[in-house]
Every structure is written in structure tokens, then in C-alpha cells.
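Here is a short note for someone opening this entry for the first time. The points below can be read with the structure alongside.

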Amino acid sequence: MRDTAGGPRVLLKRLRELMQEPLEPQERLDRIVRDIASNMVAEVCSLYVLRADSVLELYATEGLNPKAVHLAQLRLGQGLVGTIAASARPLNLSNAQEHPAFQYLPETGEEIYHSFLGVPVLRAGRTLGVLVVQNKTMRQYREDEIEALETTAMVIAEMIATGDLARLTRPGLELDLTRPASFTGLSFNEGVGLGHVVLHEPRIVVTNLFNEDSEEEVRRLDRSLGSLRLSIDDMLERRDVAFEGEHREVLEAYRMFANDRGWVRRLEEAIRNGLTAEAAVEKVQSDMRARMLHMTDPYLRERMSDFDDLANRLLRQLMGRGPEDVAASLPKDAIIVARSMGAAELLDYPRDKLRGLVLEDGTATSHVVIVARAMGIPVAGQVKGAVSMAENGDAIIVDGEEGTIHLRPQSDLEAAYAEKVRFRARRQEIYRELRNKPSATKDGVAVDLLMNAGLAVDLPQLSESGAAGIGLFRTELQFMVASTFPRAEAQERLYRDVLDAARGKPVTFRTIDIGGDKVLPYFKGVVQEENPALGWRAIRLTLDRPGLLRTQIRALLKACGGRELKLMLPMVTELSEITQAREIIDREVRHLSRFAHHLPTSLKLGAMLEVPSLLFQLDELMKAVDFVSVGSNDLFQFIMAVDRGNTQLADRFDTLSAPFLRVLKTIADAGARNHTPVTLCGELAGKPISAMALIGLGFRSISMSPASIGPVKAMLTELPLQELEDFFKDNLMAPVQGTPMRALLQAFADDRSIPL
Ligand code: PEP
Ligand code: MG
């Protein structure tokens, strides 16, 4: 390869013409390799494409034996071509045969060529193939030649990604890009979703690859970089609490990257080789991502995602695209795939088009997951690799039960899942029919099935689920999805909306329950605690910060003007906390009546029973409040001394074990004895088998997630309560040994065909 004939610009122009000509894919490839060889004055130019079985197959060649096309192959990591694909780095050798990885393929006749330059064909950091040029003479290829071949490889990546080459594949030997792939993460919300990938903050697909005028294009890049830097400076200068601490550090890093000379130089170089500014950003990013994939240093990998984000912002600047265009082009069965995401961002997507959410990061209690659960969409989290393996528009299945996803699923798998979805839909239909039936046991004892809620998005579920009311409104969720403390007016507005949506059905508001695992990043008062679950949280925190509690109570009193206010206090440990809270409430009532505000028609104050100390003063508790609500999530955690968020211990102790059921019975009995209504609003209420047990123990009101109302009601209407009460008389206080309580309850239900 002597001097390049015409340089990369001429070659790119030629490739553009070839892409537009109506040619068969093989013919197009053959012409492309011929043109590259001639432009780069190389005797050989070959393209190897990566198949799903990790084999690189020769797809086209100029110079090697044409009979070797579709026959010559190398495994990933094997030979020079396999090494390039595996490492995602170019190889530039003056004497290829001397390289330790060199592997001779007799069918190609390549022994006479000494110098060798191979570059990976990359797209979004994934290797799709390898592009090679070879010469007989021993020579080292120059930097600009490597750059030119990489640029050409990018055009080929586009061809592969758009499916042009799919027609050349043989059954069983499909390309890697279209390979079905499954990933396992964690289940964050149940349900199954079938649909098409929408990459959140999608890698914008650049289709305009070739520039007409490099100098103008460099100026365009400069202008966009200028606006990008300004927008970052703006963000940094905003005296917004949301941009303190960690957020600020991230932005500082962005500012540093946006001014990084090396990055800008590589972008300009790619433009001078004939690419548009957008394509240059994509190319530089792709090269960098592929190289970083091999890094294990978490700090550097984290920086890579900052760079990715920055490149995306720059692409958006260049293409003048806003987030609203993304929503408009959403498929009707969108499954959002994201590395991580804020709760508010999920709410930006239209609910009617969402079928699921896949996160590479996140935990079951991250805010976005709480919101997704409220929206009733299946969520798989901690699914490593999902973002880089998925392309916008790919078919995808999210199995929220298993925490798995299936990308580009094969038809039999898709059919099996479609059946699962139909089955769920049929069951939903049965639950819908049950909605208007009385909520009572088979022998006619009424039981209130209420739902838990916390955000405005939950409200439509009240009528859809047929719940008798809201048994737990978690007011802290409004605080958790916000970036600063919600103002009094915003709180009042939400409470008013909730009551309006409830149309007279009862609603129980809980005062903010923060602390523990529910942290507000903007709340500066919280110190690091050794045991946050046992720490400064819930009513303990709000009594110490009465301003917070007073504002909330005032907002609630105003929103409930002319209606009933039911209010409960989380994590009560001793009765004096109820007295203190009542004093604050009374003071607010006096204040509002002095200013002639419309007050609630009645005010009922309840306590949550979550801390075991209350179990030893149940009669006093029942007399001190208007109602009690058992928070079984926390109560179980404290009774069994088992962290509710610890996945390792999640299945170790049973909520249906005799000791815990005896505790629950003691509570129900104390409520009945004192004529104090008792309800239960932890996760326990939502599982048909445990709901059955609760009703058998004496609970006549339980509150659960809206999706559970149907299954629990299906159980309820088939339950002969008297028989279950007799069952407990025989079994609950019997010495704990032998068959576990859960198994006995299951057998009780099976014998009577009670659907669980
Ligand atoms: C509980 O602890 O059972 C409860 C309902 O409260 P939370 O899950 O919000 O702590
Ligand atoms: Mg709780």
C-alpha cells in the first residue's frame, strides 16, 4: 500500500454511491471490498462477519481466493482476525506471519501477503466483524490509514445493523447482531411484558454519515460543543439543592470531558476523513466504548458512562432533538431499557404504551421501581449487559416473575410467553367480573379489601381493582420522587386529588414515613446510622422536626375540608408519641378554625403497629386511638430480627409460622375486645394464602397492592370462614412441631378448592 489513491473522502463518496445503488447484498459487498482495496492501494481487502456461534466468517474479499468466501472461518480469539474481534482493537503488522496469533488458512491463499492491517467493525461498542487490508511488501501502515479503514468499517457496521446482510446468512449461522439473547437479573415487579425495545436516553441512530464540506462540519461541531459547554456551566451555576454533592461532581467531570482536547481532536480528525459531525461522535464513542469494555477498574468504567452521556447530549445538540420526539415515536408496546433512571423520567413516558421496564442497575426499593410498581408494569432489574445488547425496536420479553429478559426471542419462546400473557389476561377478566360481587366469605362474613397507594398514578386503580378504599396512602412517596421538599400547596393538592378520586370511599393517610431505607437525598438532617431500620425514622423523626409534621397536617386538614380525615402514625413505639402528635394536630385544628377554614367533618387518628413494644400494651393502645393498622413488613422484621431488605434472608423465616400468626391473633382479639377497628396493610395482605390466614385469625379489613385485590377476592368468595376458624382452634396453639403451618393452610385450601 503506497499512497492512498484519492484519500478517505473519495472512498466515502464512492461507498455512499454503492449504498444507494439497487444491488444484491453480496454484489454490494464485493464492490465495497474492491473499492477499498483500490482506494487504499492494497492487494487484499476482506470482510469477516461475526456469527451468533462466535465464528467469524469471510463474507467478501478482493485479492484472496474468491472460493473461500463463506467457507473460511475463524473462532472469536483465533488467528489475527479473531484476536482483533475479541480485543476490539486494530492490528497493524509489517509481517503478519511472525505474529504469534497468526493462523494460516490454506483455502484463502494469503501466504504471499506480509503486511496486514485489520480493524474491528464496531457499532455502539459491540464487535460485528473485522475489516482487513493486506499487502505483499513488508510495511507498517500509517495512523491516517488506520483511521481511514476504521471510518470505512463504520459504514459497514451500519450495513450489518440495518439487516442488509441478513439475507446472506444460512439457517443456524445467523449474525451475532440478530442473535437471541437472554439475561437474568432480579425480579422487581411481577408480570410479563412482550414488546419492543426503547432505549432510554437512546443511543441516537446516526443515519447521515458523509459530509459535503469538512470545514463547515468542523465549525458545526465547534458550535455544538460550545452550546454543550454552556449548558453544563448553566447547570453548575444553578443554586439548586439537587446539584450539590455527588450530582455536582458528576457535572464537574462532564465539564472537564467537554473541554478534553484529545476527545475534540479525535472528533475533528473523523470529520476531516469525511464523516458528518454526528457520525464522528458515534465513531469516536464506539471506539472508546469497545476499548473500555475490557477495563475492570470501576472508576474508569463509571467515567465511561459519563462520556456516553456527554456524547448523547452532543448528538442531541447536533441533531436538534428534544425528549418530546422520543415520546412521539414510541411503539405502542414499549419496553424501556435503561442503565438507571429517575422516577420522574419514567412518568414522562405515556402509560398506555408501556409494557415493561428493564434496568441494568437499581434495587427493589429504588424510586423508579416504586413508581413502576404503582403503574403496574413488570420490572427486571440488575440485568447486566442489557443496554449494550439491545437495539431500539428489537423484540423483547420481560419476565418480571423470574427477573429475566429475552432479546430477539425465538418464535417458540415468544409463543410460550404470549400464552402466559393470555392466561394472565383471562384471570384478570375473572377478577374484573368479581369486582361487583359482594366482598364476603362463602358463608357471608363481610371483609373490606382496601388498596395501598402513594402517588397520583395509583388512583385510577381504585375503580379498576374494585378496592373498597385506600387503607394506606404512603405520603412519603411524593417526597421521595421530588428533588426538593414538596411545598405545602403541592402536598395539599395531592391529598385533595386523592380524595376526589376516591369519590367518598375511605382513605387513610399515613404521615411521612422517611428514614430507614426511605432516604430523601435533599434532606440534610439525616446522619449515617449503623442500623437505619432501628434508627431515626418515621414518627420519631417527624416529632423531632415538628415543622415538617405541622406543614403536612395543615395540608391534610385543608384538603379534607368538609370530608372525613383518617390519619395514622408510622412506627409508634410508645403511647406518648400518639399524645404528642395529637397535640400538634389539635394546635393546627385551632389555628385553622381561627382563620375560618373549612375543617374535616371528623378526624380519626390511628397508629401503625410495627414495633413489638406495643404488643405488651395492646389494651392501652386500642383505647388511645380510633383505629390500628398492622404494618406486617416492619413487625415481622422486628419480631424475627430479620432485615426486610436482605435478599439472602428473604425466604429464611416464614410469615405464616405459628409464632407470628399467634402475634397477629393477639392483635385481632385485642381490637375486638376494645371495639377498635384493626386492619393490616403490609405485603402479607396481598398473598391469597396469607390473606386467608388473616381472615381466619379475625381480621375483617386488609390493605394490599391493587393488583392483589382480584386474586384475594377470588379466594375470599370461596372461603368457608367457620371451617377455617375451627381449623385454627385445633392447630394454632398446638405445640410447634411437625408439618409447618403454611403446608397445613395450603392443604386446607386444596381440600375445599379455594383458589390461592
Ligand atoms: C409495613 O411496614 O408493613 C408497612 C405497611 O409500611 P412500609 O412498608 O411502608 O414500611
Ligand atoms: Mg412500615
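Is Glu610 buried or exposed?

1. The model is a predicted one. In it, Glu610 has 3% relative accessibility, so this residue counts as buried, the cut-off being under 20%. Asp634 is in a similar position: its relative accessibility is 2%, and it too counts as buried.

2. Glu610 and Asp634 both coordinate the magnesium ion, ligand 2. Glu610 does this through OE and Asp634 through OD, at 2.0 to 2.1 Å. Glu610 sits in the loop between strand E19 (602-609) and helix H21 (618-624), whereas Asp634 belongs to helix H22, so the pair ties together parts that are 24 residues apart in sequence.

3. Ligand 1 is surrounded by 14 residues, and the closest are Arg474, Arg510, Glu610, Asn633 and Arg644. Glu610 is thus named both here and at the magnesium ion. By type, the shell around ligand 1 consists of seven charged, four polar and three nonpolar residues.

4. Several side chains make polar contacts with ligand 1. For Arg474, an N or O atom of the side chain is 2.8 Å from an oxygen atom of the ligand. For Arg510, the distance from a side-chain N or O atom to an oxygen atom of ligand 1 is also 2.8 Å. Asp634 places a polar side-chain atom 3.0 Å from an oxygen atom of ligand 1. On its own, ligand 1 would expose 280 Å², of which the protein buries 99%.

5. Which elements give two or more residues to the shell around ligand 1? They are strand E16 (470-474) and helix H22 (632-640). The largest share, three residues, comes from H22.

6. Glu476 is part of helix H16, residues 476-481. Its relative accessible area is 0%, so Glu476 is buried. Apart from neighbours within four places in sequence, Glu476 is in contact with Arg510, Thr511, Ile512, Asp513, Ile514 and Lys518. One of these contacts, Arg510, is also among the closest residues to ligand 1.

7. Turning to another part of the chain, helix H25 (residues 706-716) is mostly covered, with ten of its eleven residues buried. Among the buried ones are Pro706, Ile709, Lys713 and Leu716. The cover over the buried residues of H25 includes helices H14 (411-434), H15 (460-465) and H24 (688-697), together with strands E15 (448-453) and E22 (701-704).

How values were computed
Residues are numbered from 1 along each chain as its sequence is written. Chains are lettered from A and ligands numbered from 1 in the order in which they are written. This is a predicted model: local features need pLDDT of at least 70, side-chain atom pairs count only at pLDDT 80 or more; totals for chains, interfaces and linings use all residues. Side-chain values use heavy atoms; hydrogens and water are left out. Buried means under 20% relative accessible area, exposed over 50%, partly exposed in between (1.4 Å probe, protein chains only). Helices (H or I, at least four residues) and strands (E, at least two) are DSSP runs, numbered from the N terminus. Contact means heavy atoms within 4.5 Å. A residue is near a molecule or strand if one of its heavy atoms lies within 4 Å of it. A polar contact is a pair of N or O atoms within 3.5 Å; within protein, one must be able to donate a hydrogen and the other to accept it, and residues adjacent in sequence count only if both atoms are side-chain atoms. Accessible areas come from the Shrake-Rupley method with a 1.4 Å probe; for residues, only the protein chains shown count as cover. Ala, Val, Leu, Ile, Met, Phe, Trp, Tyr, Cys and Pro count as nonpolar, Asp, Glu, Lys and Arg as charged, and the others, Gly among them, as polar. Donors are N, O and S atoms within 2.8 Å of the metal (3.2 Å for Na, K and Ca); water is not among the atoms, so sites may look incomplete.
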